[in-house]
Amino acid sequence: MWKKAITLLLALAYLALPGAGTASAQDDYTLFRQGAGEASLLFRGHKSFDYNLLYNGTPYWNSPLFLPGTVIYNGKFYDGIDLNIDAVRQELIVRIGIGVSNKVLGGEFVQEFTIMGRRFLNLRYIYGDAAPAGYWEVLYDGRNKIVRRVTKTLEQDVDGSKRDETHFDGTYRYDVYQTFIYSENYCYLTEDGGIIPVRRRKDVLRLFDKSQRRDIRRHMRHQETSEFLSFDRYFVEVARYIESR
């Protein structure tokens, strides 16, 4: 009995030493990287940002859940990893495991990735620094592409009026006054390398010759006889129609 008590006291004394907890975490991380083998390259980034405050909504693209995905990183393909996107900071985060902090994948090395089959592109990696920053989901992939970037910003909401602006299905606390607000941007990637920002339906029509716009309007009136399409669905349907002709 007394031996167990002495052992426990020694263990507590060790943990009380400055840096002991840090060393243990570093050991866990080292062991993890060794076990990860070649994929350990993914886990060398800095620790992901912690939002240590009460808030509504989520800083992530969809939800705080990390989901299975793949990534082309530094020219190599990796699969079987759990990913999420910090939509505030536009960072791709990889979940490592219990007891080890999540890591940010260096944006300069990320070419593209998937999360649950949804494909995302790093336009600056592909087109250069003049391209829009952040990660862009591919909504349509034909001769041309339609891509969307989701961005989150933290705003005050003292009366709960911004709940619908979160685009998040989780519980909304009316005694919490900081809220992550959802916004999105769209671009049309042309087959000759052009990147065209698109904000509204009029911008979609301007992508095409005047001779095509009448046919597009007629086709979309037929498509919307039963329901009014959201902007992303409208945009994709127009692109699909033009490329199918």
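Student: In S3, which residue is the bridge partner of Leu83?

Tutor: The model is a predicted one. S2 and S3 run antiparallel and are joined by five bridges. One residue of S3 stands as the bridge partner of Leu83, namely Val94.

Student: Which residue takes a positive phi in the hairpin of S2 and S3?

Tutor: The hairpin has four residues between its strands. The loop in question lies between strand S2 (76-86) and strand S3 (91-95). Most residues other than glycine have a negative phi. The residue with a positive phi near 55 degrees in this hairpin is Gln90.

Student: Is Gln90 buried or exposed?

Tutor: Gln90 is not a glycine, yet has a positive phi of about 55 degrees. Its relative accessible area is 18%, and the cut-off for burial is under 20%. Gln90 is therefore buried.

Student: How many bridges join strand S1 to S2?

Tutor: Strand S1 covers residues 67-73 and runs antiparallel to S2. One pair of opposite residues is Pro68 and Asp82, the latter in S2. The two strands form a hairpin with two residues between them, and Asn74 in the turn has a positive phi of about 55 degrees. The number of bridges joining S1 to S2 is seven.

Student: Is His167 buried or exposed?

Tutor: His167 is found in the loop between strand S8 (145-156) and strand S9 (178-189). Phi of His167 is positive, near 55 degrees, in a residue other than glycine. The relative accessible area of His167 is 51%, and the cut-off for exposure is over 50%. His167 is therefore exposed.

Student: What is the relative accessible area of Glu137?

Tutor: Glu137 is found in strand S7, residues 135-141. Not counting residues up to four places away in sequence, Glu137 touches Trp61, Arg118, Arg119, Phe120, Ile146, Val147 and Arg148. Glu137 counts as buried, because its relative accessible area is 6%.

Student: What separates the C-alpha atoms of Pro132 and Cys187?

Tutor: Pro132 has its place in the loop between helix H3 (123-127) and S7, and counts as partly exposed at 23% relative accessibility. Leaving aside neighbours within four places in sequence, Pro132 is in contact with Leu123, Arg124, Arg149, Cys187 and Ile195. Pro132 and Cys187 are 55 residues apart along the chain, and their C-alpha atoms are separated by 9.2 Å.

Student: How many residues of H6 are buried?

Tutor: Helix H6 spans residues 231-244 and reaches 20 Å from its first C-alpha to its last, close to the 20 Å expected at 1.5 Å a residue. Among its buried residues are Phe231, Tyr234, Phe235, Tyr241 and Ile242, as well as Glu237 and Glu243. H6 is mostly covered, and the count of buried residues is 10 of its 14.

Student: Which helices do the buried residues of H6 pack against?

Tutor: Their packing partners include S7, S8, S9 and strand S10 (195-198). Glu137 is found in one of these strands, S7. The helices packed against are H4 (201-206) and H5 (210-223).

Student: What percentage of the residues of the protein count as buried?

Tutor: The protein has six helices and 10 strands. It exposes about 14,600 Å², with carbon and sulfur atoms supplying 52% of that area. Of its 245 residues, the share that count as buried is 40%.

Student: Among contacts between residues at least 6 apart in sequence, what percentage join residues at least 24 apart?

Tutor: The contact of Pro132 with Cys187 spans 55 residues along the chain. Among contacts between residues at least 6 apart, the share joining residues at least 24 apart is 57%.

Notes
Residues numbered from 1 in each chain as written. Predicted model: local features only at pLDDT ≥ 70, side-chain atom pairs only at ≥ 80, totals over all residues. Heavy atoms only, no water. Buried < 20%, exposed > 50% of the residue type's maximum accessible area, 1.4 Å probe, protein only. Contact = heavy atoms within 4.5 Å. Areas by Shrake-Rupley, 256 points an atom, 1.4 Å probe, with all protein chains shown as cover. Expected span 1.5 Å × (residues − 1). Pairing = 2+ DSSP bridges.
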